[in-house]
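Reader: I have a model open and would like to talk through how its strands and chains are labelled. Could you walk me through the reasoning?

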Amino acid sequence: MRNRLDRRSFLRIAGTSLSIGALYSAFAPLAHGASNEIIRKSLADLNGEAPAPFSFIQLSDTHVGFNGPPDPLGTKAFENAVATINRLKNRPELVIVTGDLTHDADSTEEHARRYRLFKEIAGKINGTQIKVVPGENDAALDGGAMFRELMGPTYYSFDHRGVHFIALDNVSGGKPAVGGDQLAWMKSDLARFPTSAPIVVFTHRPLFDLRPDWEWFTIDGDQVLNALAPYDNVTILYGHIHRENFHQQGNTRLYAARSLIFAFPDPATPGAKKPMPFDKDRPFKNLGLRMVTGEAKGGGLQIEDVELSMNEYSGTVGMDQMLKHGKGDSADE
Amino acid sequence: MNIRYFKRGFVAELAIAFAAAVSSKALPVNYAAQAYASEPPQVIEIKAKKFEFSPSTVTLKAGQPVILRLTTEDRTHGFFLKPLNIDADIEPGKTTDVAVTPDAAGEYVVICDHYCGIGHGNMKLTLNVVQ
C-alpha cells in the first residue's frame, strides 16, 4: 500500500512523527509566528525536547516459535525485516513492535526460550531503540508476568523528540480490554499535554469493532478513543489482524500493520477467519513492515507498507531446504 | 433481544424470573412477562473447555426466552456475541446463566473472548435462531 496524503493529512501524520523526515516538514511552519513558537516551546517544556525530525518503524506479530502450514519458515520473515531495517539509509530511531512477539507455548520454559529468540533477532537491529507491547500470545495466560520479567512493563509512555508515545496493553487481562486502572493512568498521563501535542498510541488489538466475531476488537476501546478524542494529532498503531488496515474516528487515525508470520484475509470476508495459505513462490506475500517517508520540503508524505522479498533465500539456501522443518503449530493469531 | 447474564444466587434467580419483563426490546413488556409467568424459560446447558463449546451448535426460536447455562471444565473462558450484546465470563466452579430472547432469525457465532491457549481462536459456538 502506498498512500500519497493530501496536505491536511500530511500535517496530521507528520505531526505524529510517523515518518522519515516528516516531522521536519510538519514542524517547520511552527517555527514561524508567535503562537506556533509558543506551542513549540510548550512541547519542549513538557517533553524535555522540542519536536524534531526523526523516523521510526513498526513491526508486528513476529510470533517467534510458530511453525505451521501458513508459514513453515518460522522466523525468516522477522529476520528479513531486521535485515531490511539495517539497510535503510535514513536510520530509524525507534522500532515499535505491536505485540505477539512470541507464539504461545505449552510450557513456560519453551515460552521463555521464544522470548529469548525474539530478543536475539531484534537485538540485531543496529543502533535503534526497540519499544514493545504484548499480544495475547505473549501475556494473556499469565497476566503478563513473563513479559514484565523479560521485556518490561506492559504499558507505559515516553517522549521522543517532542512526540508523546503511549504503549497500551489490551491483552494481559485475558479478555480484549484495557481495563479501568490503565485507562485512568492514560487519562492522567495525557492531562499534562495541550490538545495540539502529537501523540502516538501503540497497542496490539484494534481499539474499535473491526470484526468482533474474529475477536478483532477491544471491549473498552471506545473509552480509550473518547479519552483521546480532544487531541488533534493522534495516531494509533496496532497489530493482531495480520494485515494492513486504516480506520479514522474523529481526528484519530488507526493503522494496522502486516504481520511477520502469515496474513489473515480482509475483514469483509464472510465466514470464519482462516490464514492466507502459504505460497511457496512468494513466501513473504502480504508480510512486511511499515515505513513512512516524508519529503523535507513538505511536498508530500508516503506511507508505505513494505512487502518483504525472498531474494536472499535464493541460491544455495533454497526454499525446499527451508521447508524441511516445521511441526504444524496452530494458526491462531 | 433480551440478554441478562449472571452468576447464580438469590439475586440471580430473582433476575431470571424478571429478565424478559424488564429488558425486552423485541417483545412488548407485558407479553414477555406473561411468557415467563406461564412457563419457565428453557434451560440449555453449555460446557466450555479448551478449545471448544459443547454442544457446538444451539438452535433457538425467535421470540422464545431461554437460559444459556454456562460452565467450564478446565479454566476461565469467555462467551461473547456482539450482535446480541452477550459478554460473559465462565469461571471454574461457577455457573453463569445468560437469559436471552432472540428476536431475529439468523446464524450467530459465539466466540471465547478470554484467551485460553494456542487453539483459542478456534473456540466457537454457532447459535441458530429460527422462526
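Reader: What makes strand β8 and strand β10 of chain A a pair, and in which sense do they run, parallel or antiparallel?

Author: Happy to help, and do keep in mind that this is a predicted model. Pairing needs at least two bridges. Strand β8 (residues 233-238) and strand β10 (residues 252-256) of chain A are joined by 4 bridges and run parallel, so they count as a pair. In one example, A:Thr235 stands opposite A:Arg253 in β10(A).

Reader: Which sheet do they belong to, and why are β5 and β9 of chain A called edge strands?

Author: The sheet is open, has 6 strands in the order β5-β6-β7-β8-β10-β9 (chain A), and its pairing is mixed. As for β5 (156-160) and β9 (245-249) of chain A, each pairs on one side only. Neighbouring strands of this sheet are turned by 20° against each other on average, direction ignored.

Reader: How do you know that β2 of chain B pairs with both β5(B) and β3(B)?

Author: The cut-off is again at least two bridges. Strand β2 (residues 42-49) has 7 bridges to β5 (residues 66-72) of chain B, in the parallel sense, and 3 bridges to β3 (residues 52-54) of chain B, antiparallel. Both pairings therefore qualify. B:Ile46 has B:Leu70 as its bridge partner in β5(B), while B:Lys47 stands opposite B:Ser54 in β3(B). With 2 residues between them, β2(B) and β3(B) form a hairpin.

Reader: What makes residues of chains A and B count as touching, and how many do?

Author: Their C-beta atoms, placed from the backbone, must lie within 7 Å. In this model 14 residues of chain B are in contact with 15 residues of chain A. On the chain B side, those residues divide into 4 nonpolar, 7 polar and 3 charged.

Conventions: Residues numbered from 1 in each chain as written. Chains lettered and ligands numbered in written order. Predicted model: local features only at pLDDT ≥ 70, side-chain atom pairs only at ≥ 80, totals over all residues. Contact = placed C-beta atoms within 7 Å. Nonpolar A, V, L, I, M, F, W, Y, C, P; charged D, E, K, R; others polar. Axes fitted to C-alpha atoms, helices over the stretch in contact; angles between N-to-C directions.
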